[in-house]
Amino acid sequence: MLEFMEGSHAVAEIVKRCRPQVISAYPITPQTHIVEDLAQMVANCEIDAEYITVESEFSALSACLGASAAGSRVYSATTSQGLALMFEVCFNAAGMRQPIVMTIANRSLGAPLSIWNDQQDSISLRDSGWLQFYAQDNQETVDLHMIAYKVCEDHDILLPAFVCFDGFILSHTYEPVSLPMQEEADAYLPAFNPYQRLDAAAPLSFGMYATPEYYTEFRYEINQAQYRAKEAFVRAGREFGEQFGRDYSGLVEGYRLDDADIALVAMGSICGTAKDAIDEMRAAGRKVGLLNIRVFRPFPGPEIADALKGVSKVAVLDKNISLGSGGAVGTEVKAALQGSGISVYDYIIALGGRDVRKRDIAAVVDLAEKGEGDMFYGLRTEVL
Amino acid sequence: MRELRIHGRGGQGSVTAAELIAYAAFEGGVFSQAFPAFGVERRGAPVQAFVRFSDEKIRLRSQVYEPDYIIVQDPTLIGDVDVFNGMTAGGIAIINTEKPDFDALVPEGVKIYAVDATTIALEELGVPITNTTLMGAFAAATGEIKLDALEHALRRRFSGSMADKNVRAAERAYNLVGGAV
């Protein structure tokens with residue numbers, strides 16, 4: 001049954017149904033209503049969880065890390081500078097193989113100060129070892145949380161995950177979503193079964209130091225777990241579809257790609273606007289399609305190459321910039337398509353909350369058609 | 001798909017109006033979407049909020065540039081802000097004013113409903129918060145939402161006498177505009 005609610009509230013509702021045992025977050029700007037709602041749910045005994053209040057995002061994720069190592073299912077949410085402050089703990093959480101799920105309401109990073117949306121925050125942690133899933137709308141945001149716990153807690157994976165949804169554009173938007181009944185959520189996501197945990201009776205250490213004889217092997221193991229997460233996501237996404245009727249068995253999702261000559265590649269809510277723009281371009285006879293990258297970590301390079309094998313040109317919409325290089329998604333898509341003969345053009349777009357209209361999507365397609373790319377789209381040269 | 005843009009000032013409840021209108025539309029069986037123009041929120045500063053209505057799932061995420069409908073909560077915005085921007089013939093504008101003196105700015109073919117919502121709000125609520133009054137006017141002028149769905153949305157948001165007062169304010173504007181449609 002569809003219900004009408006704000007994106008942040010929908011996240012709080014699905015997190016409740018995932019039955020976290022420990023929640024810790026730092027509720028100052030930048031934040032969303034998610035942790036406010038969860039704090040209220042805990043206070044009202046709607047969730048049987050410990051809500052740990054802390055003095056910073058660094059402490060919030062540290063509390064989650066400790067609680068996870070002690071054998072609890074844990075949850076946090078953050079965005080922007082808050083995630084930046086968690087940087088060190090993010091690497092530790094992945095290195096200690098703790099299946100923490102954290103919502104990222106994507107926002108830009110300062111300076112200059114900007115409260116608005118882009119995807120710089122989570123993308124900047126692409127090397128941290130966390131799985132990264134990107135939602136197109138609030139229904140996907142809800143669904144990906146359940147899938148994330150399932151994938152992360154798989155004993156073959158044991159990695160943390162970001163569930164990313166665009167700050168404001170999704171987090172503050174009211175739209176219909178379908179939430180599972182608690183019994184349905186329980187049927188999909190059983191109680192947390194930790195692979196190993198801190199126990200005074202059987203002592204273990206997490207986060208020990210590794211000498212040069214061992215460090216490389218630890219990193220290799222994390223990387224292998226990332227690659228195994230592809231199959232785990234496909235499996236969890238398929239099971240989700242079988243139970244709830246919404247299939248997530250693809251690491252990527254194609255839209256009108258079958259006979260496309262030009263393909264847009266994007267992540268997150270911009271895909272919705274792109275699909276509407278593509279329908280208009282298709283109606284005008286232009287063979288344009290879209291590839292939505294749902295899973296950015298692990299990076300689905302071969303899956304992208306397979307999905308795009310029929311096109312001649314690719315236009316990547318990057319809501320981030322790896323300064324001094326280029327858009328992170330574009331760079332990796334180029335690597336995935338190396339040797340394919342497909343021309344890949346990257347467009348830095350929608351930074352710091354700049355709105356994207358259907359006509360902007362069409363303009364990007366025009367640029368790609370002319371072979372003009374690897375550029376900031378819509379740059380206001382008059383203010384430079 | 002139809003689109004609504006609400007113009008107001010920070011503190012006038014434009015974002016709440018968008019949410020409640022979209023909720024009432026959803027209750028009426030269509031897909032709807034409500035969101036604010038994300039800005040630095042300050043009391044008194046010009047703000048915008050948006051609603052989309054569609055028979056199909058809504059994918060579009062851009063702001064509203066060519067609205068079918070606008071609501072203007074504060075007539076002093078007209079002139080400061082191009083509230084009619086992007087409107088074309090057939091559009092409907094619901095404007096809170098006691099002195100409609102902006103004819104020169106209205107695009108050709110746009111139907112204006114001037115409602116003295118401030119007076120209604122003062123009489124019914126005791127405060128010049130016009131958002132719920134203008135929702136009633138919007139329901140009557142556009143037919144996008146039914147009055148009973150709007151009442152339900154208001155009672156879901158407000159409780160007790162506050163709900164009754166807001167419903168009465170919305171009904172008064174609904175009847176006032178309904179007589180003019």
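The expected span of a helix is 1.5 Å times one less than its number of residues, where helices (H or I, at least four residues) and strands (E, at least two) are DSSP runs numbered from the N terminus. Let's try that on helix H3 (residues 57-69) of chain A: its 13 residues should span 18 Å, and because its end C-alpha atoms are 18 Å apart, the two values agree.

A word on conventions: this is a predicted model, in which local features need pLDDT of at least 70 and side-chain atom pairs count only at pLDDT 80 or more, while totals for chains, interfaces and linings use all residues. Residues are numbered from 1 along each chain as its sequence is written, and chains are lettered from A and ligands numbered from 1 in the order in which they are written.

Staying with H3(A), its buried residues (20 or more other C-beta atoms, placed from the backbone, within 10 Å of their own) include A:Leu61, A:Cys64, A:Leu65 and A:Ser68. Their cover includes strands S2 (22-25), S3 (50-53) and S4 (74-78), along with helices H4 (80-85) and H5 (87-95) of chain A. Just after H3(A), A:Gly71 takes a positive phi of about 105°.

Now zoom out to the domains. An automatic or database assignment splits chain A into domain 1 (2-244) and domain 2 (252-383), with C-alpha centres 27 Å apart. Across the boundary, 27 residues of domain 1 of chain A are in contact with 20 of domain 2 of chain A, contact meaning C-beta atoms, placed from the backbone, within 7 Å. On the domain 1 side, H9(A) gives the most, with five residues.

Definitions and conventions: Two residues are in contact if their C-beta atoms, placed from the backbone, lie within 7 Å. A residue is buried if 20 or more other C-beta atoms lie within 10 Å of its own, exposed if 12 or fewer, and partly exposed in between; C-beta atoms are placed from the backbone.
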